[in-house]
Amino acid sequence: MRLLEYQAKELFGQFGIKTPRGMASKNIEEARKHAQELGFPFVIKAQVPVGGRGKAGGIQKCHNTDEFELKYPQILGMSIKGEKTRAILLEKMAEYEKEIYLSLFLNRSKRCYTVIASGEGGVEIESVKNQVIREVGLGDVSPALAEEIAKQIGLEGRSISDFVDMLQKLSKLTIEKEAELAEINPVALLKDGSLLALDGKVITDDNSNFRHPEMDKYQEKTELEERAEKSGFTLVELDGNIAVVGNGAGLVMSTLDMLADNGGKPACFLDVGGGATTESVYEALTLISKMKKVKAILVNLYGGIVKTTTVASAFIKAYDDKLIDLPVYARLMGSESEKSKEMLKNTKTRMFDSVEDAINGVVMEVSKRG
């Protein structure tokens, strides 16, 4: 789960990490009250789950009412990298002398957490040469290590103690919320030597959500995504025109990547899960039928706990009920796959032995349809 900036900063506040005073809104009426309460000048910041807001014009300074009335609707109506603005954060401007970078993330390849810090902030960390990288096991950062990092990125005096405090609090947040990433970019170094989190990014592990009901308020789901959750499977709506269906998050994600690499545009991530039934797969197809942009369905399923015939039965029922009238390109392997192929032989489902061939077929089909 990827939190928006204002949500990440709410978490920061709970753990004592200092941020500028700010207020989030989703309409201009609410924002007018916030503007009056904050007072000019402030910054208007689009809340989207992607980076690059500044370059796209999603962050604007605002010095008076006329600017506010002009810029707020513009930013609220923006899309950045395909993501519509979900909310807007009004935040007081901060005067500072320098920007630095700080993050703590789950390093899967090394099976530990890693701290990255730099004396250069406000830019993509990949472009910065002077990085300090330290592995910290399960995410617990000692005061001695935090102080060592602070000195290595060039901090002095009060800034060192403030950095130690900030990093330890970020570490506590990461451990308690089971975050995959907690990033502050930039951290502002103020004139008095204190530090302030000007931006915030937090990504938590979806698999840990059941242990954190307090985080439910941050999950923004569409009506179809909520219906999917109630029916026992996972659906994430996307901007493309090819619905991707599979069993297992890893399999579906890799299928999405392969489809995108071949020029296809996924319309959804749909994982029927290990407990799929004919009824739940039928419900999944019902939800797909409500997505107006979908022009074809790509199925990549490996039958293990879920038999492929269960999925085939759901598709046949959907055809009989005239629920779907879309071309379906499928790769079904594993338990009872030969039987399922026979069941779907005289339907609109086209069967393939490899997912690569299925992807090539569905991309060509959608291209023909325009």
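**Reading pockets, strands and odd backbone spots**

Q: How many residues in the lining of the largest pocket are nonpolar, polar and charged?
A: The lining of the largest pocket splits into 17 nonpolar, twelve polar and 18 charged residues. Keep in mind that you're looking at a predicted model.

Q: What is the volume of the largest pocket?
A: Let's start with the idea. Rolling a probe the size of a water molecule over the atoms shows where empty space is left. Here, the largest pocket has a volume of about 2300 Å³.

Q: Which residues lie nearest the centre of the largest pocket?
A: Look for E225, L235, V236, E237 and L238, which lie nearest the centre among its 47 lining residues. The elements that give two or more residues to this lining are β5 (83-84), α6 (223-231), β13 (234-237), α7 (249-261) and β15 (266-271).

Q: Which element gives the largest share of that lining?
A: That's α7, with six residues in the lining of the largest pocket.

Q: What about the second largest pocket: how much space lies in it, and which residues are closest to its centre?
A: About 1300 Å³ of space lies in the second largest pocket. It is lined by 45 residues, and R53, G122, N185, P186 and D199 are the closest to its centre. By class, the lining of the second largest pocket has 20 nonpolar, ten polar and 15 charged residues.

Q: Which strands and domains supply the lining of the second largest pocket?
A: Among the suppliers are β2 (42-47), β3 (59-62), β6 (87-92), β7 (98-107) and β10 (179-189), each with at least two residues in the lining. As for domains, domain 1 (21-92) and domain 2 (96-215) each give at least three residues to the lining of the second largest pocket.

Q: Which residues does UniProt list for the ATP-grasp domain?
A: The UniProt record, an unreviewed entry, lists residues 9-219 as "domain: ATP-grasp". Over residues 9-219, the chain is 28% helix and 30% strand, with the end C-alpha atoms 15 Å apart.

Q: Now a strand: is β17 mostly covered or mostly open?
A: First, the general idea: in a regular strand the side chains alternate between the two faces of the sheet. As for strand β17 (residues 328-334), it is mostly covered, with five of its seven residues buried. Strand β16 (residues 296-303) runs parallel to β17, and seven bridges join the two. To find one pairing, look at V299, whose bridge partner in β17 is A330.

Q: Where are the cis peptide bonds at P41 and P186?
A: The rule of thumb is that most residues other than glycine have a negative phi, and most peptide bonds are trans. One cis bond joins F40 and P41, with omega about -5°. You'll find P41 in the loop between α2 (28-38) and β2. The bond from N185 to P186 is cis too, with omega near 10°, and P186 sits in strand β10. You've met N185 and P186 already, among the residues closest to the centre of the second largest pocket.

Q: And phi: where are R111 and E178 found?
A: R111, in the loop between β7 and β8 (112-118), has a positive phi near 55° without being a glycine. E178, which isn't a glycine either, has a positive phi of about 55° and lies in the loop between α5 (158-177) and β10.

Q: Are R111 and E178 exposed, partly exposed or buried?
A: R111 counts as exposed, because its relative accessibility is 78%. E178 has a relative accessible area of 24%, so E178 is partly exposed.

Notes: Residues numbered from 1 in each chain as written. Predicted model: local features only at pLDDT ≥ 70, side-chain atom pairs only at ≥ 80, totals over all residues. Heavy atoms only, no water. UniProt positions renumbered as here; feature names shortened; annotations may be inferred. Helix = DSSP H or I, 4+ residues; strand = E, 2+ residues; numbered from the N terminus. 1 Å grid on protein atoms, 1.4 Å probe; cavity = no way out; pocket = protein on both sides within 12 Å on 5 of 7 lines; lining within 4 Å. Points joined across faces, edges and corners; volume = space filled by probe spheres on them. Nonpolar A, V, L, I, M, F, W, Y, C, P; charged D, E, K, R; others polar. Domains from an automatic or database assignment. Buried < 20%, exposed > 50% of the residue type's maximum accessible area, 1.4 Å probe, protein only. Pairing = 2+ DSSP bridges.
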